[in-house]
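Below are my notes on the model you sent, set out as numbered points. Please read them alongside the sequence and the coordinates.

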Amino acid sequence: MFEVRFHGRGGQGAVMAAQALASAAFSEGNYAVAFPYFGAERRGAPVLAFTRVDSKKIYRKTQVYEPDFVVVLDDSLLEMVDVTEGLKDGGVVVVNTRKKPEELALGENIKVATVDATGVALEVLGQPITNSSILGAFAKATGAVSMDAIEKGIMDIFGNKIGMKIAEKNCRAAKAAYDRTISADGRPREKEFEKKPKWLPDVKELPIGGAGVKMETNAGMIGPGSFLENKTGGWRTFMPIVENDKCVACQLCWYFCPEGCITMVPYDNNRFKKGIAIDLDYCKGCGICAHECPTHAIEMKR
Ligand code: SF4
Ligand code: SF4
């Protein structure tokens with residue numbers, strides 16, 4: 001048996017990647033299951049998905065706590081999530097990043113593989129959707145499934161959901177990522193993660209109507225205002241770059257920003273004109289502000 005844990009963000013397709021990997025393993029004569037784990041998340045929030053593969057029937061129904069392989073679709077997660085938690089000795093971490101494997105300090109007795117899956121996806125698909133590219137990298141780094149099987153898995157899962165033509169493009173992205181994946185032995189960890197206690201409320205703690213109250217629990221704040229503890233800036237792939245010279249202070253970006261992280265600031269007292277400031281601790285890089293800006297004063301850059 002081998003077990004895989006995918007770390008991604010809502011909207012990046014980690015679940016489809018897990019399903020396509022299961023389908024790939026199935027096409028090679030194995031039993032396979034894939035399933036996601038979501039909290040009450042939004043687009044961009046960290047999510048998990050799992051694939052479990054065996055040559056025999058699979059009766060284990062739990063999440064994957066001690067994976068053989070870990071796949072990270074977004075390297076900004078490395079700063080927030082202990083992606084190697086429970087990873088077995090000799091296991092492999094496959095990371096979408098522009099860094100070389102030697103640059104990542106994810107732990108000893110493991111192998112680290114890297115590929116710029118976002119770059120590949122932008123080149124081949126024209127969008128930063130990395131779930132197919134990372135599967136090519138997985139095949140190369142682990143050898144647990146063949147590249148042919150990955151292509152079959154992508155055609156099966158992606159083809160059914162988004163059409164055969166786009167699935168074929170995704171196969172090309174996976175192949176390109178396969179060719180560009182490089183691996184190295186892991187090196188000692190540099191960052192230790194503090195384990196947040198899980199919040200299991202007793203009956204007295206349960207807020208009635210939830211949304212109306214703010215509470216401090218042993219796992220942090222909950223309720224309105226608790227988002228201040230979640231620095232969504234770490235979710236970003238693209239960053240808004242503002243040219244305040246072009247800003248006409250229409251406030252549309254401020255109005256539409258889902259994180260409320262834009263403020264209007266005076267930038268030139270002599271000319272009656274305003275600009276904006278963006279709190280990058282919370283800007284998740286969704287690009288809505290750039291889309292809405294009528295004067296193209298905001299550009300999203302990787
Ligand atoms: S990209 Fe723009 S709209 Fe999106 S969170 Fe950042 S500032 Fe707000
Ligand atoms: S939408 Fe554009 S022009 Fe309007 S306030 Fe924002 S940056 Fe300025």
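1. Two strands are taken to pair if DSSP finds at least two bridges between them. On that basis strand β4 (residues 69-72) pairs with strand β5 (residues 92-96), in the parallel sense and over four bridges. One of the residue pairs can be named: Val72 has Val95 of β5 as its bridge partner. Please keep in mind throughout that this is a predicted model.

2. Overall content. The protein chain holds seven helices and 13 strands. It has 302 residues, of which 39% count as buried. Of the contacts between residues at least 6 apart in sequence, 61% join residues at least 24 apart.

3. The sheet. Seven strands make up an open sheet with mixed pairing, and their order is β2-β3-β1-β4-β5-β6-β7. The edges are β2 (31-37) and β7 (182-185), each of which pairs on one side only. From one strand to the next the twist averages 15 degrees.

4. Strand β4 within the sheet. Besides β5, strand β4 is joined to β1 (residues 2-9), again by four bridges and with the two strands running parallel. Here Arg5 has Val70 of β4 as its bridge partner. Phe69 and Val71 point one way from β4, Val70 and Val72 point the other way, and all of them are buried.

5. Helix α1. This helix covers residues 14-27, and its 14 residues reach 20 Å from the first C-alpha to the last, close to the 20 Å expected at 1.5 Å a residue. It is mostly covered, with twelve of the 14 residues buried. Among the buried residues are Val15, Met16, Gln19, Leu21 and Ser23, along with several alanines including Ala14 and Ala25. The packing partners of the buried residues of α1 are β1, β2, β3 (46-54), α3 and α4. Just after the helix, Gly29 takes a positive phi of about 95 degrees.

6. Helix α5. What span should the 17 residues of helix α5 have at 1.5 Å a residue? The expected value for residues 164-180 is 24 Å, and the end C-alpha atoms are 24 Å apart, so the two agree. The buried residues of α5 include Asn170, Cys171, Lys175 and Tyr178, with Ala167, Ala173, Ala174, Ala176 and Ala177 also in the list. As a general point, an α-helix has 3.6 residues a turn, so residues three or four places apart point the same way. The buried residues of α5 pack against strand β6 (111-115) and against the helices α2 (117-124), α3 (133-142) and α4 (147-162).

7. Surroundings of ligand 1. There are 13 residues around ligand 1, and those that come nearest are Cys257, Cys283, Cys286, Ile288 and Cys289. By residue type the shell divides into nine nonpolar, two polar and two charged.

8. Surroundings of ligand 2. Around ligand 2 there are 13 residues, and Cys247, Cys250, Cys253, Cys293 and Ala297 come nearest. The shell around ligand 2 has ten nonpolar residues, two polar and one charged.

9. Positive phi at Gln251. Gln251 is not a glycine, yet its phi is positive, at about 70 degrees. The residue is found in the loop between β10 (239-242) and α6 (252-256). Is Gln251 buried or exposed? It falls in between: with 13 other C-beta atoms within 10 Å, Gln251 is partly exposed.

10. Positive phi at His296. His296 is not a glycine either, and has a positive phi of about 55 degrees. Its place is the loop between α7 (288-292) and β13 (298-301). His296 counts as exposed because it has 9 C-beta neighbours inside 10 Å, and the cut-off for exposed is 12 or fewer. Both loop residues would be worth a look in the display.

11. Ile222. This residue lies in strand β9 (residues 220-222). Ile222 has 18 C-beta neighbours inside 10 Å and therefore counts as partly exposed; 20 or more would be needed for a buried residue. Leaving aside neighbours within four places in sequence, Ile222 is in contact with Met215 and Thr217.

Technical notes:
Residues are numbered from 1 along each chain as its sequence is written. Chains are lettered from A and ligands numbered from 1 in the order in which they are written. This is a predicted model: local features need pLDDT of at least 70, side-chain atom pairs count only at pLDDT 80 or more; totals for chains, interfaces and linings use all residues. A residue is near a molecule or strand if its C-beta atom, placed from the backbone, lies within 6 Å of it. Ala, Val, Leu, Ile, Met, Phe, Trp, Tyr, Cys and Pro count as nonpolar, Asp, Glu, Lys and Arg as charged, and the others, Gly among them, as polar. Two residues are in contact if their C-beta atoms, placed from the backbone, lie within 7 Å. The expected span of a helix is 1.5 Å times one less than its number of residues. Axes are lines fitted to C-alpha atoms, for helices over the stretch in contact, and angles run from 0 to 180 degrees between N-to-C directions.
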